[in-house]
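Walk through this protein with me, from the overall fold down to single side chains. Keep the viewer open and pick out each residue as it comes up.

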Amino acid sequence: MRAGSSPARSKKKKMIIPRSLIRIVDNSGAKVCRCIRVLSQSPKTKIGDLAVVSLVKVKPRKVHKGKKKEQLKKGDIRLALIIHTRRVFSRKDGTILKIFKNYGLLVSPKGKSLGSRYNTPLPRELRTEKWLKLVSNAPSLF
């Protein structure tokens, strides 16, 4: 360690904070978004929290005649549900989960998913009354 540097500075932050990148794992068309603010009651971000995000990378879509589906554009402000965080997550039964990236799903303000399929298994902690519709579409739970 160099002189004058503290060990606290060298540690990386693993929580989702403003300006953190979140990868979107549904088929809504967005690929990467940047967190603006996390809407949670606790100071630490956890699985199941909502975040206000700005879309950074969006898959280009062809517009077909007669289809008036909502299009996502780069720079749009949306809500994302946090499903995986880089922070180590431990369950009450003693299992420890470690994921190496932040993942999320785009949701509407009413809580409905913008995508219809997910590319990753969802955690069991989302099985609450609020997110039960999302969990029912999931390929699997872990």
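**Salt bridges, surface and local contacts**

At 29% relative accessibility, Glu125 counts as partly exposed. Keep in mind that this is a predicted model. Glu125 forms a salt bridge with Arg91, and the closest N and O atoms lie 2.7 Å apart. The pair links distant parts of the chain, 34 residues apart. Glu125 sits in the loop between S7 and H2, while Arg91 sits in the loop between strand S5 (89–90) and strand S6 (96–97). Arg91 is buried, because its relative accessible area of 11% is under the 20% cut-off.

Now step back to the whole chain. The protein has two helices and seven strands. Read from the N terminus, the elements run α-β-β-β-β-β-β-β-α. Of the 142 residues, 35% count as buried. The accessible surface comes to about 10,000 Å². Carbon and sulfur atoms hold 53% of that surface. How much of the contact list joins residues at least 24 apart? Among contacts between residues at least 6 apart in sequence, the share is 50%.

Back to the charged pairs. The count of salt bridges comes to three. Glu125 with Arg91 is one of them. Another joins Asp49 and Lys46, with the closest N and O atoms 3.4 Å apart. Is Asp49 buried or exposed? Asp49 is buried, with a relative accessible area of 7%. Lys46 has 39% relative accessibility, so Lys46 counts as partly exposed. Then there is Asp76 with Arg78, where the closest N and O atoms are 3.8 Å apart. Here Asp76 is partly exposed, at 21% relative accessible area. Arg78 is buried, at 17%. The 20% cut-off falls between these two values, which is why the two residues get separate labels.

Other charged residues gather on the surface. A positive patch is formed by Arg23, Lys31, Lys57, Lys59, Arg61 and Lys101. Take Lys31 as an example. Lys31 is found in strand S2, which covers residues 30–39. At 38% relative accessibility, Lys31 counts as partly exposed. Membership of a patch needs over 30% relative accessible area, so the 38% of Lys31 passes that test.

Arg23 of the patch leads to the next stop. Which residues does Tyr103 contact, leaving aside its neighbours within four places in sequence? Arg23 is among them, together with Ile22 and Val25. Leu81, Ile82, Ile83 and His84 are in contact with Tyr103 as well. Tyr103 itself lies in strand S7. Tyr103 is partly exposed, with a relative accessible area of 22%. Tyr103 and Cys33 are 70 residues apart in sequence, yet their C-alpha atoms are 9.8 Å apart in space.

Follow S7, residues 103–107, to the loop between this strand and helix H2 (132–136). Ser108 has its place in that loop. Why does Ser108 count as buried? Its relative accessibility is 19%, and buried means under 20%. Residues up to four places away in sequence aside, Ser108 touches Leu79 and Leu114.

The last stop is the loop between strand S4 (77–84) and S5, where Val88 is found. Arg87 has its place in this loop too. Start with Arg87. Its relative accessible area is 28%, so Arg87 is partly exposed. Apart from residues up to four places away in sequence, Arg87 touches Lys14, Met15, Lys44, Thr45 and Leu97. Arg87 and Ile47 are 40 residues apart in sequence and 10.0 Å apart in space, C-alpha to C-alpha.

Val88 comes next. At 45% relative accessibility, Val88 counts as partly exposed. With residues up to four places away in sequence left out, Val88 touches Ile96, Leu97 and Lys98. Leu97 thus appears in the contacts of Arg87 and in those of Val88. The C-alpha atoms of Val88 and Ile99 are separated by 7.5 Å, and these residues are 11 apart along the chain.

Terms used:
Residues are numbered from 1 along each chain as its sequence is written. This is a predicted model: local features need pLDDT of at least 70, side-chain atom pairs count only at pLDDT 80 or more; totals for chains, interfaces and linings use all residues. Side-chain values use heavy atoms; hydrogens and water are left out. Helices (H or I, at least four residues) and strands (E, at least two) are DSSP runs, numbered from the N terminus. Buried means under 20% relative accessible area, exposed over 50%, partly exposed in between (1.4 Å probe, protein chains only). Contact means heavy atoms within 4.5 Å. A salt bridge is a side-chain nitrogen of Lys or Arg within 4 Å of a carboxyl oxygen of Asp or Glu. Accessible areas come from the Shrake-Rupley method with a 1.4 Å probe; for residues, only the protein chains shown count as cover. Patches are made of residues with over 30% relative accessible area and no salt bridge: like charges are joined within 9 Å, nonpolar side chains (Val, Leu, Ile, Met, Phe, Trp, Tyr) within 5 Å. Lys and Arg count as positive and Asp and Glu as negative; His and the chain ends are not counted. The place of a charge is taken as NZ of Lys, CZ of Arg, CG of Asp or CD of Glu.
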